[in-house]
Amino acid sequence: MKVLTNIQIKELDRYTIEHEPISSIDLMERAAQQITRVIVSRWDVHTSVKVFAGPGNNGGDALAVARMLAEMGYLVEAFLFNTGNKLSPDCALNRDRAMDIHGLLLHEITNQFTPPELTENELVIDGLFGSGLNKPLNGGFASLVKYINSTPSDVVSIDIPSGLMCEDNEYNIRNHIVRATLTLTLQQPKVSFFFPEYQEFIGEYIILNIGLHPQGIEDANAIYYITEENELKKILRKRNLFAHKGTMGHGLLIAGSYGMAGASVLAAKAALRSGLGKVTVHTPIKNNDILQISVPEAILRHDNDDYRFTSPCNPDIYQAVAIGPGIGTSKETALALVEQIRRTQVPLVLDADALNILGDHKGWLQQLPQNSILTPHIKEMDRINGNCLESYERLNKARDLATRQHIYIILKGAWTAIIHPNGDIYFNPTGNPGMATAGSGDVLTGIILGLLSQGYPQADACRLGVYLHGLAGDLAAEKLGEESLCASDLIRYLPKAFKKLKS
């Protein structure tokens, strides 16, 4: 599913109007009907509704919703802000349509405004500003937003909370953004919805299909996408009837130091649960007994050092290599890491301490083979690529690194972003807050190693691996609850994730 930028959304609106064809006011009516349908399903007719409409098309949407609710028996009071005496044509037409509707009290604000009392029994519909906003709110609108946020009323924002911009909010003013209970976004989510710092403004959100032209969507040159289940069903491979361990791939996992054997156990188990034929774990001999008992299916290769990774391996006998979980960041390990990177020409995954070492030796990034996969969380990304105050900046900097080095970057978190070497970014829809627990990243590394070892291309292994990882977490949370989830549960539910994706 494509996620379009603010500019592309406007172009898609125009394309729909020209090619459906449909008038802009009828397209607005279509959107208002969808919005009204959701509101009616959640708030009954006894709810008092206050509508705040701006002078643009977002305000036109809000006035159309106000009219429809009043016609259905709701008691509605609407405030249209026309302080510049310049309404958009469709907003002006919806103002005219709203006049003399029984049950709808309309105020057109051209100068002074005294806000109404908003109680916990009121529903506020926010239609002040939509996706076209390109600078922070100020003056009277900022004061109104702060007032709405100070009240106990539920707030439904149309398309996007007023004051929030679709992509870049680095210089926005947080106190000047509406905090919505529910955001009813039109046709598709906005890019800023995928960033953690804006969750408090968006609340729950529902995507409403308003019938924008499918050909216009198909023709749009997007860089943002949401991974969809049906896409992954097509790339998930069926195992050959005559498959054996020698044909299902052999992966090398370099993981664990003394006291961190658990990281290698989790990654190795996840790799085996992902379908590869064999996994060899390169680890210090001090971890031998733990691994032999915990993962008897794994082959062990002992490092020359008893406590840490210091001796690179010959990668040529493996189909893929993953390195990093629990290896530590000692000088000896760092030197072994860069030598291992130089030797490795098969698909390569770097995670955890491997990323921390690269963060301390940024020049070594030049040594990465093309199409390597990095799996950082936010702090690891900032160590490698420089500190960022805002997620949109971090995502863009990661995209620059991925295209410059021709690598894949899996930027982990809610809506994990999978950044391809060509600059395309796929947001992953699976996963939940219960996965915010130690070891989850080690499991993901093992899953991706398992897929790569079976011959999945890097792009498919990244998207499929992240999706299955999150899906296993969702299935586990359904049974165990988010609070009690731990990393080993992801491995236990990984078989069910595969079965669900196949079904």
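# Reading a predicted protein model

Of the protein's 503 residues, 58% count as buried. The structure is a predicted model, and the dialogue below walks through some of its features.

User: Where should I start: how many helices and strands does the protein have?

Analyst: Start with an inventory. The protein has 17 helices and 18 strands. Next comes the overall extent: along its principal axes, the C-alpha trace spans about 85 × 45 × 40 Å. You can also ask how far apart in sequence the touching residues are. Among contacts with a separation of 6 or more, 73% are between residues 24 or more positions apart.

User: How do I read a single helix, and which residues of α1 are buried?

Analyst: Here is the general idea first. An α-helix has 3.6 residues a turn, so residues three or four places apart point the same way. Now the case here. Helix α1 covers residues 6–19, which is 14 residues, and it reaches 20 Å from its first C-alpha to its last, close to the 20 Å expected at 1.5 Å a residue. Its buried residues are N6, Q8, I9, L12 and T16. These cover an arc of only 155° around the axis, which puts them on the same side of α1.

User: What do the buried residues of α1 pack against, and which residues are exposed on the other side?

Analyst: The buried residues pack against α2 (24–42) and α7 (214–219). On the other side of α1, I7 and E18 are exposed.

User: What comes after α1, and where is P21?

Analyst: P21 lies in the loop between α1 and α2. Look at the backbone there: the peptide bond from E20 to P21 is cis, with omega near -15°.

User: Which other backbone angles deserve a look, and where does N85 lie?

Analyst: Check the sign of phi in residues that are not glycine. N85 has a positive phi of about 55° although it is not a glycine. N85 sits in the loop between β3 and α4 (89–98), and at 65% relative accessibility it counts as exposed. H406 is another case, with phi near 55°, a positive value in a residue other than glycine. H406 is found in the loop between α14 (391–405) and β16 (408–411). With a relative accessible area of 30%, H406 is partly exposed.

User: Let's go inside. Which residues touch the most other members of the largest nonpolar core?

Analyst: To read a core, look for the residues that touch many others in it. The largest nonpolar core has 98 residues, and I39, V76 and L253 touch the most other members. Helix α16 (residues 458–480) gives the most to this core, with 11 residues. Take V76 as an example: leaving out residues up to four places away in sequence, V76 touches V49, V51, A66, L69, A70, G103, L104 and L105. There is also a second, separate core of 52 residues, which includes F201, I323, L350 and I357.

User: What about the rings: how many aromatic pairs does the structure hold?

Analyst: The structure holds 14 aromatic pairs. For each pair, read the distance between the ring centres and the angle between the planes. F81 and F141 form an edge-to-face pair, 5.8 Å centre to centre with 65° between the planes. F81 lies in strand β3 (residues 75–81) and F141 in helix α5 (residues 139–150), so the pair ties together parts that are 60 residues apart in sequence.

User: Are F81 and F141 buried or exposed?

Analyst: F81 is buried, with a relative accessible area of 5%. F141 is buried as well, at 18%; the cut-off for buried is under 20%. Ring pairs also link F52, F79, F81, F113, F129 and F141 into a cluster.

User: Which aromatic pair is tilted?

Analyst: One of the pairs that is tilted is F193 with Y205, at 5.1 Å centre to centre and 55° between the planes. F193 is in the loop between β7 (182–186) and α6 (199–202), while Y205 is in strand β8 (residues 204–208), 12 residues apart. F193 is buried, with a relative accessible area of 4%, whereas Y205 is partly exposed, at 22%.

User: Which charged residue lies over the face of Y426?

Analyst: Here you look for a charged end placed over a ring. R463 lies over the face of Y426, at 4.1 Å from the ring centre. Likewise, the charged end of K286 sits over the ring of Y258, 6.0 Å from its centre.

Conventions:
Residues numbered from 1 in each chain as written. Predicted model: local features only at pLDDT ≥ 70, side-chain atom pairs only at ≥ 80, totals over all residues. Heavy atoms only, no water. Phe/Tyr/Trp six-rings, centres within 6.5 Å; stacked < 30°, edge-to-face > 60°. Helix = DSSP H or I, 4+ residues; strand = E, 2+ residues; numbered from the N terminus. Buried < 20%, exposed > 50% of the residue type's maximum accessible area, 1.4 Å probe, protein only. Lys NZ or Arg CZ within 6 Å of the ring centre and 35° of its normal. Expected span 1.5 Å × (residues − 1). Arc of directions from axis to C-beta. Contact = heavy atoms within 4.5 Å. Core = buried A, V, L, I, M, F, W, Y, C linked by side-chain atoms within 4.5 Å.
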